[in-house]
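Me: I would like to learn how to read the features of a model like this one, step by step. Please give me the general idea each time, and then the case at hand.

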Amino acid sequence: MPLKNHRDYAEFADPMARPRYTGIPTFMRTPYAEEVGGVDIGLIGVPFDGGVTNRTGARHGPREIRNQSSLIRKINQTSGISPFDLCRVADLGDAWLEQPFHLKSALEEIADFYRRVHAAGIVPISVGGDHSVTLPILRAIAAARPVGMVHFDAHCDTGDDYLGSKFHHGAPFRRAVEEGLLDPKRTVQIGIRGPLNDAEIWKFSHDSGMRVIYIEEVYEIGVPGVIDEARRVAGDGPTYVSFDVDGLDPAYAPGTGTPEVGGFSTLEAQMMIRGLRDLKLVGGDVVEVAPPFDPSGNTALVGANIMFEILCVVADSVAARSGGDNP
Ligand code: MN
Ligand code: MN
């Protein structure tokens with residue numbers, strides 16, 4: 001005899017209508033899909049933190065964000081966007097890694113996973129993992145042409161070799177420019193701050209033409225000014241959104257490997273992301289949530305909500321261009 005479950009209750013046919021503490025967690029209670037057919041936007045975990053330079057733990061991010069994301073509901077109250085009505089959204093599981101302890105090959109395995117996703121016409125929204133994982137994602141989705149990027153972070157992540165490796169979480173966007181995946185002139189970095197060992201550490205951002213908005217300028221020009229700049233820099237080409245949770249002040253997101261005091265607030269982050277509506281968005285990620293430093297679960301909750309904000313503007317963009325234009 002089958003066990004009694006939600007199928008016995010018509011009002012619970014929709015997974016998002018069931019009590020939020022029940023069931024096996026997927027991102028935002030979306031259906032789990034092992035096959036890539038019939039999906040417009042894939043929510044993907046990348047449980048890899050082999051690229052961190054300080055405290056590890058972000059490999060546990062996807063599982064905790066799945067758990068906290070059960071609090072997410074269907075509609076963005078502010079924008080009115082209902083992403084699950086606009087697009088077919090599924091949890092595609094985690095990018096699989098055969099050899100997680102080999103940094104370079106692990107990144108290539110991640111890229112392979114995303115190549116399959118991209119080949120199926122699916123726009124990915126990912127959860128790291130540390131920020132090194134954005135490079136292989138871009139290797140898949142930006143192979144045909146460079147993308148622009150709106151990047152929230154305390155760090156530019158355009159460093160170079162560190163202790164003999166070029167592929168740590170402080171360098172993905174330098175590598176992405178070198179590999180022809182990222183257009184630096186269509187890249188804006190928001191919230192940069194913190195003490196430095198090397199005054200020139202983010203020189204590559206400036207030299208390559210990225211627009212760097214340090215945290216002081218964020219407060220000088222305010223959220224509307226940041227949105228105007230992000231939209232101006234990204235323009236109307238394909239654009240990726242990358243959100244490192246350490247861009248937030250550690251008061252809002254302490255559970256991360258490389259916290260920097262003096263950041264923007266969760267609400268400011270939400271408003272800045274909402275301001276990206278109508279850009280041509282081709283994917284996004286939330287990285288660096290490290291549950292071992294997040295005993296209250298709040299950082300994972302913040303990560304889940306930031307993911308939802310990104311999903312809303314991406315779904316709006318994907319729906320607007322459905323009909324053949326996949327940039
Ligand atoms: Mn960072
Ligand atoms: Mn980063």
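Me: How many nonpolar, polar and charged residues does the lining of the largest pocket have?

Reply: A word on conventions comes before the count. This is a predicted model, in which local features need pLDDT of at least 70 and side-chain atom pairs count only at pLDDT 80 or more, while totals for chains, interfaces and linings use all residues. Residues are numbered from 1 along each chain as its sequence is written, chains are lettered from A and ligands numbered from 1 in the order in which they are written, and side-chain values use heavy atoms, with hydrogens and water left out. As for classes, Ala, Val, Leu, Ile, Met, Phe, Trp, Tyr, Cys and Pro count as nonpolar, Asp, Glu, Lys and Arg as charged, and the others, Gly among them, as polar. By that scheme the lining of the largest pocket has seven nonpolar, ten polar and eleven charged residues.

Me: What is the volume of the largest pocket, and which residues are the closest to its centre?

Reply: On a 1 Å grid over the protein atoms alone, a pocket is an open set of points where a 1.4 Å probe fits, with protein on both sides within 12 Å along at least five of seven lines, and lining residues have an atom within 4 Å of a point. Grid points are joined across faces, edges and corners, and a volume is the space filled by probe spheres set on the points. Here the largest pocket has a volume of about 660 Å³, and of the 28 residues that line it, Thr53, Tyr162, Asn197, Ile201 and Trp202 are the closest to its centre. The second largest pocket holds about 440 Å³; of its 20 lining residues, the closest to the centre are Pro15, Arg18, Thr22, Gly23 and Ile24. The lining of this second pocket divides into nine nonpolar, eight polar and three charged residues.

Me: Which residues are the protein donors of the manganese ion (ligand 2)?

Reply: Donors are N, O and S atoms within 2.8 Å of the metal (3.2 Å for Na, K and Ca), and since water is not among the atoms, sites may look incomplete. For ligand 2 the protein donors are His131 (ND1), Asp153 (OD), Asp157 (OD) and Asp244 (OD), lying 2.0 to 2.2 Å from the ion, with the spacing H-x21-D-x3-D-x86-D along the chain. Histidine 131 lies in the loop between β3 (123-128) and α4 (134-141) and aspartate 244 in strand β7 (residues 238-244), so this pair ties together parts that are 113 residues apart in sequence. Helices (H or I, at least four residues) and strands (E, at least two) are DSSP runs, numbered from the N terminus.

Me: What coordinates the manganese ion (ligand 1), and how far apart are the two ions?

Reply: Ligand 1 is coordinated at 2.2 to 2.4 Å by Asp153 (OD), His155 (ND1), Asp244 (OD) and, listed twice, Asp246 (OD). The two manganese ions are 3.2 Å apart, and aspartate 153 coordinates both. Histidine 155 lies in the loop between β4 (147-152) and α5 (172-178) and aspartate 244 in strand β7, so the pair ties together parts that are 89 residues apart in sequence.

Me: Is histidine 155 buried or exposed?

Reply: Buried means under 20% relative accessible area, exposed over 50%, and partly exposed in between (1.4 Å probe, protein chains only). Histidine 155 is buried, as is aspartate 244, and histidine 131 is buried too.

Me: Where is aspartate 157 found, and what is its phi?

Reply: Backbone angles are read one residue at a time. Aspartate 157 is found in the loop between β4 and α5, and has a positive phi of about 55° although it is not a glycine; its relative accessible area is 3%, which is buried. Aspartate 278, in the loop between α8 (266-274) and β8 (280-287), also has a positive phi, near 80°, but this residue is exposed, at 61%. A cis peptide bond joins glycine 128 and glycine 129, with omega about 20°.

Me: How many residues of α9 are buried?

Reply: The expected span of a helix is 1.5 Å times one less than its number of residues. Helix α9 (residues 298-320) has 23 residues and reaches 33 Å from its first C-alpha to its last, close to the 33 Å expected. Of those 23 residues 18 are buried, so α9 is largely enclosed by the rest of the structure.
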